[in-house]
Structures are given as structure tokens and as C-alpha cells.
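Grab a viewer and work through these exercises with the model open beside you. Each task is followed by a step-by-step solution.

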Amino acid sequence: MAGWGLLFMAVPAAPSALFATGQAVQASTIGRPAVVQTNPRSIVLGATNIQAPSSKLAEVPRHLRNLMDDKVGTANALATLLPIVPILLSAAAMWAAWKRWTTPATAPMAGASWGIDMPYMMAAATATEAGAAVAEAAPRKPVRPPAARSPQLDAWTPPNTKTEGKDYKEISKQHIITVGVSVHKTPVEIRERLAVPKDDWPVAIDELVGHPHIQEAAVLSTCNRMEVYVVASDYENGVRDVVNWMTLHSGVGVDELAPYLFLKQDGDAVDHVLQVSAGLDSLIVGEGQILAQVKSVHQIGSEAKGFGQYLAALFMQAITAGKRVRAETNIATGAVSVSSAAAELAQMKLPSSNWDGVNVAIIGAGKMSKLLVKHLVSKDCKSMTIVNRSLPRAQELQTEFPQADIKVELAPKMMDVVAASDVVFVASSSTEILLQASDVAGMPPPPELVGGVRRFFDISVPRNTSKDLNDLPAAHVYNVDDLREVVEMNKEARAQAAAEALVLLKEEKATFEGWMASLQAVPTIKRLRGKAEGIRLTELEKAKAKLGDDLSAKQLKVLEDLSRGIMNKMLHAPMQALRTEGDVQAHVQTIDVLGRVFGLSEEHENPTIGK
């Protein structure tokens, strides 16, 4: 068998005459011969199949039987040579292998099938691995080193945001800081320049922690806000480092940016991220999309080195808070997202206040577009055209909303679709302007059914429509800042739910602050136990020396257990005080008091035997 195996591997593959006729020839044209099934008693010779059932053997002519008997005799004679057959096959295989590897490779013959060339296969595997490596090493936006602060920024003093809440530097030796802009007071022109695409969040984190005063960082950038969360040992310098990065990233100067910035420190920063996750700080109170965006911050940040333990715990607490508020209050009842507010505003602006006969286009097929389709369908808008760069995502919307007549077009057809539409929703992920006034000026005017005005609702940030569209007599653009008209209609309905949510968020904040305080207890616990263990070991060695070498193993164990029991009982009360959950400030004070009373230092973390 070994000889046959070597021979099979060494001899170049070639089409076999066994499959040269009938169905096998047809199969070979597609690169693989057909499987020829035969009876166990059949003998296949080329295209001839001769069956010799034993029951019919007597019917075979005599001269054929004699021929068969001769063949059997020959086979018996060959059987005596079987012991040397493996040796002969091995020798033949070695010769064939030597010829194969020393003969220059040639291109496979046309029509040859079932040939397996191991060197070619290994080369293909290598090429595949190299391609995968290139794919994994796809170009990523380079991390820029921190820029030197301008004298103007160094001279700028961030507003003092410290409140009566806890000073986190006393709890954890670090401040948690939030620096950002939001839809509440910052125009979209500034927000879109500061916006950071989700794919660039890891790069932004790496750039932020490259600054000298920032230990951890996270970025939350949506259509309504752009916020940076950092952990820094110094508040003012931490804020300056963040603003320095924001100006470098966006090109917005300090003077232009400062009036719109909001700053949060320590407890206020924690309150803010919890309220953001719960939907209390959104343009649409209670909207659900922001919770998914907060989850993205944690998910993406977890893959970046600069997203450390404090921010990881904070955003996990925020996710828990967001889920709890939506489960235990009615804040999400009747709540609308930016997409649904855009759909509602569009219907309000139509002269007839309904979608009958209105041609609708949606540019983009992401999550916001999906919500748009959902809310438009709920308002009896059943006919629309989706324009996207690729077909699959748009076709998914067709499948998900079979009750609507959804047409799909690719991006090259965008202008044709816009020209045929009366209402255009723009919700793409593009960072460039897609529609200029010059693109729309030559389009036929919309019908009187929609007031002769083509309305654009741009909920993308950065915006994808140029504001000069408003200069055209038959066009008008609305962006996310124009949604306040819808927001005011829904604010009072959720005011009570928001008040209930704030009570829950206080509990979530207390949990996070308790976790921070517990981190400070860990070194103290380790040092206290280490010092006690060092004293125990020292005194135990003294006792052994006084008692001499005649102690039995049982007596030594009694001494060991006695000393350990006394130590554990003495440490029980201090350890309980360090682990007690309660007022965070009191907990921190307990840690400090125990450290001073027992004279603890870093050297006590590893117990040693003293004199």
C-alpha cells in the first residue's frame, strides 16, 4: 500500500482512459469526470462492460472458458511474486518522484482534470494568506501626535464647573470630565465640523490619550451631539487638552468654539452620561436610538487602549441605567426618534397634511432610513424610492416592509430620483454635500399638490444638502435643528416620566461612585493584610526559636493555626469597614483613617519577616 501511495503522489495527474467515453467525456468538459457506477461483478474495459454472473457461466462457449482458466492460472503464478511487488512499487515511486521534482514545471494540459499539483496548491494558499493579511491591514486613519497648545489656549481658563457634589479626585485620584457641544445650543454648522465618524472613534481615543494630562478617553458623536469623555488628574489642563484636540480635528478656533462648549466635572459628568443614555438629554426626550449609540461607545472603546477601567465602568453603568429607565418608566411611550420627527414635520409642511399622490425619496439605507420608512408607512405613505450606494441594504428594507411600494435605485440615479420626487429625506453617512442648488435648479417644479415646493429634510450630520437650496424659489431645506417644532408638541407628555427617571438615575450614580470608592479600598486591604501577615510570621519565628527544635509537626501546626486565627479575628472589623457599602465620602475617610492608624505604605503589600 505504501508503494501505491508514493506512486500516486509522484506521478503527474492526467485524464484516465477509463473516463474517456460516454458520460465521462461530457463530465470532463466541466473539469470533473462523472462517477461510473458498476456492478461488483462487472469488468470495465474502456467503453465495454462485460458481466459474468456465476449463474450464467455454463453458457459461456468452451474456448472462452479455456481462456479464462488460463488467466486464472497466470494469476496464481503471479501470486507467488506478491512479496516483492511493494519493493518494486517503492522503487518505481522514488524514480518517478525524482523525475517529477527535477523536471521543469509546465502548464497543465487543456482538458486535463483531477490533476492535483501540490506546489501550485501551496502557492495559492500562500497568496490567499497574503491577501487576508492585506485586508486586515486595510488603511486606517493615522494617529496624529498632540499639537502644541497655542498661547491663547494656555491663557484660557475653563469655567469652574465644580458643584457641591463629591470631588472624585478624593475618591479615585482622578477627575471624570465631559467636554462637548449639543443640539440644545450649538448650530449644525459647528456640530458637523466637530463630528467624528464612528469608524474613527478608536483613532480619536488614541489621539486624546496622547495628551499629557489625559489618562482615558471616549468619544460620542451623533447627529445631535459631539462629546468627549476623559479621565484626567487635573481638571483645567484636562479640558485644555481636549479643546486642543477638538480645534486640531475640526479646524474650529478656540474663540469660535468656546461659546458653544459645555463642561461637566465628576458627579455632573456622570449625571450627564446617565441622562444621555436614558434619553433625557436628547432633542426628542425618551428617544431610543441614543442607547444604541452609547452601547457603541463601550463596544468600540473596548478595542482601544485609551478606554480604561473608569470609562468602561461608567458606560456600562450608563447602558444599565438607559435600559432600566425605559423598563420602569413610561418615558419611551409615544417617544419619537429624529427620523420619526422628520417624517412628522414633513407631513405638517404638506399643504394637504397627507401623503396621497406625494412622490417620496430617501437617500441612504442605514438605521435612520429604516426608521424613516417605518414611520412613513405608519402615516400611510406607502410609495417611496430609496437611493443607496449598494443594493443589499436597500433591498433588505423592501423585504422588511412588504406593505409598502418601495423602489430601489443606485447612487448614479440619485439626481433622476430627486427630480421625480416632491419630498426628499437625506439620511446618508456621507461626509460631503450631495445636493447643491446648481443640481436642483434645472429640475422641473413640483406639482401644486405639494405647493410647488420640493422639500428636503436633511437629518445627516455632517449635512448632505447645501443651504443655498433655500435660495431657489421651488426648494426648501430643513435640518435637525428644525425639528424643535415637533419636539415641543411631545415634551409635556413625557415630563412626568422624566422626573421618575431622574430618581432611578440617582441610584445608578450611587452604584458607580461606590464602585470607584471600592477601588481605593483594594490597596488598603492588601496593605493591611500584608502588614498583619508580616507581624504574624515574625512573631511565629520568634516563638519557634524559643521552643527549640523538639517541636513536632502537630505542635507547629497548632502554633500556625493559633497565630493565623488571632490575626484574622483582629482584622475582621477593619476589613468589614473597608468593604461596607454606604456613603462614598465616609468610605473614603475610613480608608484614609485606617491607613494612618496602621501606618500603611506600599512596602506592606508584600509581607516580610522582620526583626
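A salt bridge here is a side-chain nitrogen of Lys or Arg within 4 Å of a carboxyl oxygen of Asp or Glu. You're looking at a predicted model, so local features need pLDDT of at least 70 and side-chain atom pairs count only at pLDDT 80 or more, while totals for chains, interfaces and linings use all residues. Residues are numbered from 1 along each chain as its sequence is written, and side-chain values use heavy atoms, with hydrogens and water left out.

**Exercise 1. Salt bridges across the chain**

Task: Work out which parts of the chain the salt bridges R463–E189 and R144–E207 link.

Solution:
- Start with R463 and E189: their closest N and O atoms are 3.7 Å apart, and the two form a salt bridge.
- Place both residues next. R463 sits in the loop between β11 (454–458) and β12 (475–479), E189 is in helix α8 (residues 188–194), and these positions lie 274 residues apart in sequence terms, linking distant parts of the chain. Helices (H or I, at least four residues) and strands (E, at least two) are DSSP runs, numbered from the N terminus.
- Check the exposure. Buried means under 20% relative accessible area, exposed means over 50%, and partly exposed is in between (1.4 Å probe, protein chains only). R463 is buried at 12%, whereas E189 is partly exposed at 33%.
- Now take R144 and E207, whose side chains meet in a salt bridge at 3.2 Å, N to O. R144 is in the loop between α5 (118–136) and α6 (151–155) and E207 is in helix α9 (residues 201–209), so this pair ties together parts 63 residues apart in sequence.
- Exposure again: R144 is partly exposed, with a relative accessible area of 28%, and E207 is buried at 3%.
- For context, the structure holds 22 salt bridges.

**Exercise 2. A bridge within a helix**

Task: Find how R324 and E328 are placed in helix α14, and which network of salt bridges they belong to.

Solution:
- The side chains of R324 and E328 meet in a salt bridge, 3.0 Å from N to O.
- Both lie in helix α14 (residues 309–328); because they are four residues apart, about one helical turn separates them.
- E328 is partly exposed, at 48% relative accessibility.
- Then widen the view: a network of salt bridges links R324, E328, E507 and E508.

**Exercise 3. Aromatic rings**

Task: Classify the aromatic pair of W355 and F425 as stacked, edge-to-face or tilted.

Solution:
- Know the rules first: rings of Phe, Tyr and Trp (its six-membered ring) pair if their centres lie within 6.5 Å, and planes under 30 degrees apart count as stacked, over 60 as edge-to-face and the rest as tilted.
- A search of the whole structure turns up seven such pairs. For W355 and F425, the centres are 6.4 Å apart and the planes make 45°, which puts the pair in the tilted class.
- Locate them: W355 is in the loop between α15 (338–349) and β7 (360–363), F425 is in strand β10 (residues 423–426), and the two are 70 residues apart. Both W355 and F425 are buried.
- Follow the ring pairs further and you get a cluster of W355, F425, F457 and Y478.

**Exercise 4. Backbone oddities**

Task: Which peptide bond is cis, and where are D266 and D380, with their positive phi?

Solution:
- Keep the baseline in mind: most residues other than glycine have a negative phi, and most peptide bonds are trans.
- The cis bond joins V461 and P462, with omega about 5°. P462 is in the loop between β11 and β12.
- D266 isn't a glycine, yet has a positive phi of about 55°. D266 is in the loop between β6 and α12 (267–278) and is buried, with 2% relative accessible area.
- D380 isn't a glycine either, and has a positive phi of about 70°. D380 is in the loop between α16 (367–378) and β8 (383–388) and is exposed at 55%.

**Exercise 5. A loop residue**

Task: Is Y260 buried or partly exposed, and how far is Y260 from I190 in space?

Solution:
- Y260 belongs to the loop between α11 (254–257) and β6 (262–265).
- With a relative accessible area of 24%, Y260 is partly exposed.
- Y260 and I190 are 70 residues apart in sequence and 8.8 Å apart in space, C-alpha to C-alpha.
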